[in-house]
Structures are given as structure tokens and as C-alpha cells.
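Dear colleague,

I am passing on a structure that I would like you to look over when you have the time. My notes on its backbone geometry and on one of its pockets follow below.

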Amino acid sequence: MGAVRGRGGVMQGLMAWVARRWEEAVLPALAQYVRIPARSPAFDPDWAGHGHLEAAVAHAAAWCRAQPVRGMTVGVSRLAGRTPLLWVEVAGTGPGEVLLYGHLDKQPEMTGWREGLGPWTPVVEGERLYGRGAADDGYALFAALTALAALQAQGRPHPRCLILAECSEESGSPDLAAHVEALAGRIGSPELVVCLDSGCGDWARLWLTTSLRGLVAGTLRVAVAGEGVHSGDAGGVVPSSFRIARLLLERIEEGASGRLRLPALAVEVPPARRVQAEAAGAVLGETLWRRFPLLAGVRPGAEDPAELVLRRTWGAALEVTGAAGLPAVAAAGNVLRPETVLRLSIRLPPTADPGRAAEAVRTALEADPPHGAHVRFEPDTVAAGWDAPPLPPWLERALDEASRGLFGAPMMQMGEGGSIPFMAMLAERFPEAAFVVTGVLGPGANAHGPNEFLHLPTARRLTAALAEVLARRAAA
């Protein structure tokens with residue numbers, strides 16, 4: 001009991017140091033980072049000419065060099081035609097090798113920011129820092145280095161750590177593998193990989209992400225005529241491209257329930273993940289769906305919280321995310337349109353084969369088209385999901401004790417519904433490593449959307465929890 005009380009005191013001292021450092025050094029640096037419109041290459045094709053990604057890297061690198069961390073080396077990996085990657089190596093004062101990941105590129109602005117807020121305007125309101133990229137995922141680099149600074153300030157050992165902050169994550173991380181290969185000698189063989197780019201079910205505890213969904217995205221094109229024609233003249237004679245698109249979507253999705261029909265889009269859920277879903281559902285309850293801005297009277301896809309967790313993390317889901325060939329309502333004449341083009345995004349279960357899934361979707365959509373319409377599906381994003389390997393006992397124990405000591409509640413484990421394509425790459429490259437995937441994207445944080453915010457108390461506690469885990473590894 002004495003050892004537990006002693007450990008609790010050490011954690012509270014750690015938390016106090018981290019909280020001061022966040023206020024004095026991290027929050028001002030993050031606010032400046034928010035001001036940089038460092039859009040990911042997918043949203044800024046001339047990123048090199050605009051220089052915003054370089055500005056973000058320069059800002060972060062300068063901050064890192066100014067931190068009170070001994071044994072630190074800061075560098076930037078540059079490869080022809082690729083976005084830069086900032087790396088920070090900190091020599092170990094104890095055993096172990098750890099790779100920590102974050103990113104500095106951002107999603108585009110998005111409309112709908114409320115009055116007084118904006119994507120490139122940092123605003124602190126109460127416990128929240130508003131602005132694009134602070135939570136997704138600019139805080140990660142600052143938190144990781146602050147965790148190491150805290151351990152050194154306390155005189156506690158830590159493993160050798162290499163922090164990577166890439167600049168292409170929001171575009172699917174096309175440049176990361178090349179940088180990892182170029183830095184292979186420096187990276188070595190980490191036994192622990194920490195990714196701080198994920199979510200949390202609530203602000204009350206440490207959340208560990210156990211799985212991520214894969215993704216197939218592409219464009220469905222349905223064409224029936226060479227040009228638009230009068231709908232009164234052609235309606236009932238020329239088939240509607242929109243109606244045909246509806247029929248085709250029904251081949252892969254059951255419209256009434258949203259269930260996807262193709263066997264290639266489904267997997268057997270591992271028993272351990274079902275147990276975790278039950279536990280997470282019991283903790284989160286109705287917040288699983290009330291955290292979304294549903295209109296009055298709109299109901300979730302299921303009533304049981306555990307079922308909602310499984311649907312969000314191990315189920316496949318289709319969304320039409322864009323369309324072409326449809327005039328704006330104010331400009332829509334009585335015309336039978338020549339084609340309908342839909343952008344499809346299909347989330348896949350973590351262990352589904354994305355290549356097989358993409359081919360199954362293409363075949364289902366293109367085979368025997370109604371009325372002989374010209375149908376083509378072109379997948380352009382095919383990304384694997386990820387299912388975490390089992391945690392070593394020391395790591396699971398350290399995470400849970402850090403959650404209890406710093407948040408006041410036990411750690412929870414749950415999959416995430418989104419995709420982080422590079423996780424499958426890192427898992428393949430470091431098959432013996434343990435993975436800690438966590439983050440600050442909790443209820444309403446709204447990454448990618450308007451009014452994105454970083455929940456500051458959670459970011460501080462997560463920083464201290466990371467420090468505690470690193471110290472436990474060095475002391476093991």
C-alpha cells in the first residue's frame with residue numbers, strides 16, 4: 001500500500017510539472033501553430049510553393065530546440081518531391097527504444113465556424129483551444145517532448161525515444177514510408193510505438209485505441225446520354241441516371257438498414273473486441289450518439305450502446321460524400337441529366353482485405369448495368385485497417401495505473417471508426433513492437449469539421465500519462 005501511495009505522489013508531482021509547462025510553453029506554441037494554414041498536400045497541391053508546411057516544421061523545430069531536454073537532436077528529413085518530416089531523437093537514460101508519432105499537416109478550413117472562431121485563429125475558451133490542427137494532431141509533438149522533459153526534471157529514467165512529425169497524414173501518409181526507410185538506421189527496432197493521433201470516448205479516463213477501420217473510396221459514374229434533354233420530352237423514355245445509381249448502390253448496401261451486403265466487406269469480430277465493446281458501451285451509454293449534432297427526432301442506427309460501438313469500429317459503412325452532374329437547386333431546370341457521379345467512401349472492418357473489398361465493390365457496381373447504362377467505378381483510395389496486437393502485461397498495467405492516478409478512472413479500450421493508413425505500415429515494419437494508440441479527439445472535438453478544439457485538461461493528463469509509461473519502461 002505504501003508503494004501505491006508513493007507512486008501516486010510521484011504522479012501528482014509529474015502532473016503539476018506538466019500542467020505548468022503546458023501553460024508556460026506548450027499552449028503559446030500551439031496557438032502559433034494554429035495560425036499556420038498548413039494544409040495537407042491533398043488540399044494544397046502547391047504546398048511547396050506556398051511554404052506553409054515548411055513554416056509549420058520550422059516553428060515546431062525551433063520550439064523543440066528551445067526545450068530543457070538533455071541528449072536531444074533535432075533534424076528534418078527531406079526527400080525529393082515529398083513533404084518534409086521533422087524528427088527529434090532523445091538519448092535514453094534507461095533501457096528501451098520507443099518510436100512516437102504525430103503530424104503537422106492539417107485538414108482544409110471547412111465552413112460553419114461559429115462567430116468569433118476560425119480555422120487559423122487560435123481562441124482559448126475555458127478548457128478548450130479552438131483552431132484547425134491543434135487536436136488533430138499538432139499537439140502530439142509538443143506533448144511527447146514535454147513528457148520527456150518532465151521525466152528529466154523529476155530525475156526519472158526514460159528509454160531512447162525518436163519522435164516523428166510528418167506532413168502528409170491528412171492525405172493518407174503517402175510520404176511516410178519513404179521517410180521511415182530513409183531514417184531506418186536512426187529509428188532502429190523500437191519495442192514500443194506510440195501514436196497520439198486517435199480519439200477518446202470521454203474526458204474522464206485514458207482511452208486506448210485497439211483497432212482502426214480500413215477504407216475504400218472512389219468515384220461511381222453513371223452515364224445515359226451525351227447531353228441533357230428536356231425532362232418532359234425524355235422522361236419515361238430515357239432512363240434516369242440517378243435512379244440507376246440508386247439501384248446500383250442497393251447492390252452493395254441495404255437501404256433500409258444501412259447494412260452492407262457484400263461478404264468481402266464483413267469479418268468475424270474477435271471475442272476480445274466484443275468484450276471491450278460491452279465495457280465501452282456500458283461507460284459511454286447514450287453519449288455514443290448524443291455527441292453528434294443530430295436534429296430533433298433523429299434516432300441512431302441501434303439502441304444498444306455495445307452494438308453501436310461494434311458498428312462504428314468493426315462494421316462496414318457506406319457514405320456518399322460528394323456528387324457531380326447535379327446543378328444547384330436554384331439553377332436546376334427541367335432537364336433529364338446525362339449522368340450522375342457520386343463519390344463513395346466505404347469504411348471496412350479492421351481485418352478486411354481492402355484490395356479484395358475494392359474489387360468486390362467494383363464488380364457489384366459494374367456488372368450487368370440496368371438499361372445498358374455506362375457504369376464505371378474507379379477506386380482511388382484502398383487502405384488497410386489495423387487490429388492491435390495484445391499488450392505486454394507491464395504495459396497494460398502501466399497504462400491502467402496512469403489512467404487511475406492521473407484521470408481518476410480506469411483505462412478503457414475501444415476501436416475507432418476512422419482510418420489511420422500508416423498504422424498497418426508501421427505494424428508490418430515493426431512486427432515485434434507493442435502499440436499504444438491514443439489521442440484527444442473526444443466528444444464534440446470535431447476534427448476535420450468547423451469548431452475543432454483541443455480539450456486542454458485531457459491533453460495535459462495524456463502528456464503526464466505518456467511520461468509515466470515511458471518511465472515504467474525504463475524502470476522495467
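Is His-448 buried, partly exposed or exposed? His-448 has a relative accessible area of 35%, and because buried means under 20% and exposed over 50%, His-448 counts as partly exposed. Please bear in mind that this is a predicted model.

The backbone comes first. Most residues other than glycine have a negative phi, and most peptide bonds are trans. His-448, which is found in the loop between β17 (434-441) and β18 (453-455), has a positive phi of about 80° although it is not a glycine. Ser-173, in the loop between β6 (160-166) and α5 (176-182), also has a positive phi, near 55°, but Ser-173 is buried, with a relative accessible area of 9%. You will also find a cis peptide bond between Asp-136 and Asp-137, with omega at about 5°, and Asp-137 has its place in helix α4, which covers residues 134-154.

Now to the pocket. The second largest pocket has a volume of about 160 Å³, and its lining includes Leu-208, Arg-273, Pro-389, Glu-396 and Phe-435. Two or more residues of that lining are given by each of β8 (207-212) and α9 (271-284), and β8 supplies the largest share, three residues. By class, six of the lining residues are nonpolar, four are polar and two are charged.

With best regards

Terms used. Residues numbered from 1 in each chain as written. Predicted model: local features only at pLDDT ≥ 70, side-chain atom pairs only at ≥ 80, totals over all residues. Heavy atoms only, no water. Helix = DSSP H or I, 4+ residues; strand = E, 2+ residues; numbered from the N terminus. Buried < 20%, exposed > 50% of the residue type's maximum accessible area, 1.4 Å probe, protein only. 1 Å grid on protein atoms, 1.4 Å probe; cavity = no way out; pocket = protein on both sides within 12 Å on 5 of 7 lines; lining within 4 Å. Points joined across faces, edges and corners; volume = space filled by probe spheres on them. Nonpolar A, V, L, I, M, F, W, Y, C, P; charged D, E, K, R; others polar.
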